[in-house]
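Please open the model in the viewer and show side chains as sticks. The tour below proceeds by selections, from single residue pairs to the whole chain.

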Amino acid sequence: MSFRVAGDRAVVQREIDELAEQVDRYRRGLVPEPLFVERRLRHGIYGQRQDGVHMLRSKLPLGLLSPAQMAAFADIAEVYGSGVAHLTTRQDIQVHFVRLPDTPSLLRDLDRADMSAREACGNVVRNVTAAANAGLGHEPFDVTPHALRLAQFAMRHPDGQALGRKFKITFAGTEHPDWNLSRVHDLGFTARKQAERLGFEVRAGGGLGAVPMQAQVLYDFVPAEEILALSQAVLRVFSRHGEKANRARARLKFLLGDWGTERFRAEVEAAWTPVETPPLPPVADLPAHPPGQTLATGPDLVPHEAPGYVALRVRVPRGDLSPSQLRGLAGLLNREVGDTTRITPEQGLLVRFVSTDRLAALRDGLRTLGLGSAGAQGLADPVTCPGADTCKLGITRPRAVAASMVTELESLASDPRLSRLKIHVSGCPNGCAQHAIADIGLYGAARTVHGVVVPHYLVILGGAAGGFSFGSAVAKVPAARCGEAVRALARAYAQSEAPDFAAFVATTGRPALKSLLEPLQELPPFEEDPSVYREAGSDEAFRVVRGVGECAGEVVDGVDFLLADADTAVELAHADPGRAVVSSARAFHLAARALLAVIHAEPRGDDDVLPAFKQHYYDTGRIFEGVGYYFLHAAAEPSAAGDRLRRRVAEAELFVQEAHGIVGRLRAPAPQPARSAEAP
């Protein structure tokens, strides 16, 4: 069931022609960099960390993906990219290593297959997502047509063109945490029915990122025909009042947090104007075969209300599909199922309306394509972002870590108690792999051990699917020990009597969990085992490269002590809530002093640390802006309590981790200029 979200074909072609002209002018030096970057982002084109190549992200509403579109993406990945189509947690497909001059042609190929990349990136309304099980039953009604109507309404909408940051919308039919992600979106709709009237519970102001926040209930019930007007009003409020100058505070969650739900609701209602609501799009799954008579069961199946059909979860390791797999899938699905497939937020596929009589043939075909492994969306199927493979902000390479753990994870997943645990691995604190809502979340960091910069992961435990609760940081382990860390945690959980992993984390407690992982933090001297100082599968020395590289500064005596003391202060903030305000402030202060010391800008006294940090790091862009702002904000508002205190401690920990990474980068040898991958 595909859906053309981009609108009129003539409009799309005109936009692509304009982009082609701008690409040419930019390459001739006739277009300012900021102006061109914003333009290409709105066409779904991101810069990669490699010179001369880009990532192209499609915009597939609700993750709808027809067999014909799979075949089209096979050609796109093969002709324009690296030969890999990557499924994302936003139910999109990305292709990497695309040459900028090729992007207009690629976009035309997308359009011919009724796909688009328009507003897949940038400070606009991103891809509208929805639970992949929508319409299978056990819900008040199918949210699919309502979500598609809003996706088309939001495309190019005037109130969505001047936002301070990106804006994310999702839909769900039930409250089940595996399917409902409304708590971690800017705007989330959950199906409700009052008497015979269809409508939605509406949440606003959620988000993940470095410090996640839960969306708040804005309305218990909004009639379905009014959600376009509501969405327009929310966008207007966000566009007019959201932060623009400080990008670290520019998401809707910060505006709602500053105002409170009551004021935000009042502003939305003041901006609410009637909208001409078009009819719901006539969409429906098109199964290739009538309902089956065979009984089908299994952990990879999702039940249907429609008798004789099931939905099959398909495991796509690390979300990567080759052209041959895409073409094979297209043929297999056309033959055995029809146009019913959706990308899931776990980077897999949900093949819907599978006749139970055709299930065995479908599974055989998937095995032939290398996609028949069991355990989709469970322990053996970790969610990852591309990380430092291609992303400028990535610190580590999550896909390499996940690949190195697969054998161990599959062995653990044979235990039914462990099989449904969720592991999410991000390459930095930003959380594109959604590590905060996993049972076991990992995000990339860097530490100096025995004088060598080593890739590490911060272990986040006890998050709940859907963002019903967020995980807590427990320990940092070297990248080479992540598999051992997961094994230790899984075995401890298996031996416990806790009903689920979140309960296991809560009852075991942070000190005990930290002690469990402590032996894995020790590394032998580099000369004894260089492999544990590197990324998985790499023979090269690890170094941190984030954004624009900087020349290394000379190592100053005492920097490691300052960072170690900052780590201790973070631990005290976690361990003693009564002193969390003081300890987190000390962590900020010590980490900032370390950053200043490594560039020979040690302040004269304690009162000089903040202005010196602002001068040498924040104002110059030497530190990631969002993390740098946490220190400034904590200094401006030193008191904190309740949820604000919890966030303050988390922010201090992120600031210290960023300091470790910057020190590691400054100590590393300056990289040689990379040869452009784009022909002159």
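Select R399 and D320 in this predicted model. The two side chains form a salt bridge, and their closest N and O atoms lie 2.9 Å apart. Colour the secondary structure and follow each partner to its element: R399 belongs to helix α11 (residues 398–412), whereas D320 belongs to strand β13 (residues 320–321), so the bridge ties together parts that are 79 residues apart in sequence. Is R399 buried or exposed? With a relative accessibility of 14%, R399 counts as buried. Its partner D320, at 22% relative accessibility, counts as partly exposed.

**The loop before β13**

Next, select R318, which is found in the loop between β12 (309–314) and β13. Inspect the backbone here: R318 has a positive phi of about 55 degrees, although it is not a glycine. Most residues other than glycine have a negative phi. The relative accessible area of R318 is 24%, and the residue is therefore partly exposed.

**A second positive phi**

Move to Q434, in the loop between β18 (423–426) and β19 (440–449). Q434 is not a glycine either, yet its phi is positive, at about 60 degrees. Is Q434 buried or exposed? Q434 is buried, its relative accessible area being 11%.

**Further salt bridges**

Select E336 together with R335. Their side chains meet in a salt bridge, with an N to O distance of 3.5 Å. E336 is buried, at a relative accessible area of 7%.

Now centre the view on R367 and D364. Here the closest N and O atoms of the salt bridge are 2.4 Å apart. Both residues lie in helix α10 (residues 359–368), three residues apart, so about one helical turn separates R367 from D364. D364 is partly exposed, with a relative accessible area of 42%.

Then select E175, R183, R192, E201 and R203 as one group. Salt bridges with shared partners join these five residues into one network. How many salt bridges does the structure hold? The total is 41.

**The whole protein**

Clear the selection and zoom out to a cartoon view. The secondary structure comprises 19 helices and 21 strands. The radius of gyration is 25 Å, close to the 26 Å given by the globule rule for 680 residues, so the protein is as compact as a globular protein of that length. Orient the view along the principal axes: the C-alpha atoms fill a box of roughly 75 × 55 × 55 Å.

Colouring by relative accessibility shows how the residues divide, since 58% of the 680 residues are buried, that is, under 20% relative accessible area. Switching to a surface display brings up an exposed area of about 26500 Å², of which carbon and sulfur atoms supply 52%.

For the contacts, consider pairs of residues at least 6 apart in sequence. Of the contacts between them, 70% join residues at least 24 apart.

Finally, select the charged side chains, with the positive and the negative ones in two colours. There are 76 positive and 80 negative charges, and their mean positions are 3 Å apart. To end the tour, return to the pair R399 and D320, where the salt bridge joins helix α11 to strand β13.

Definitions and conventions
Residues numbered from 1 in each chain as written. Heavy atoms only, no water. Helix = DSSP H or I, 4+ residues; strand = E, 2+ residues; numbered from the N terminus. Rg over C-alpha atoms; globule rule 2.2 N^0.38 Å. Buried < 20%, exposed > 50% of the residue type's maximum accessible area, 1.4 Å probe, protein only. Contact = heavy atoms within 4.5 Å. Areas by Shrake-Rupley, 256 points an atom, 1.4 Å probe, with all protein chains shown as cover. Lys, Arg positive; Asp, Glu negative; His and termini not counted. Charge placed at Lys NZ, Arg CZ, Asp CG, Glu CD. Salt bridge = Lys/Arg side-chain N within 4 Å of Asp/Glu carboxyl O.
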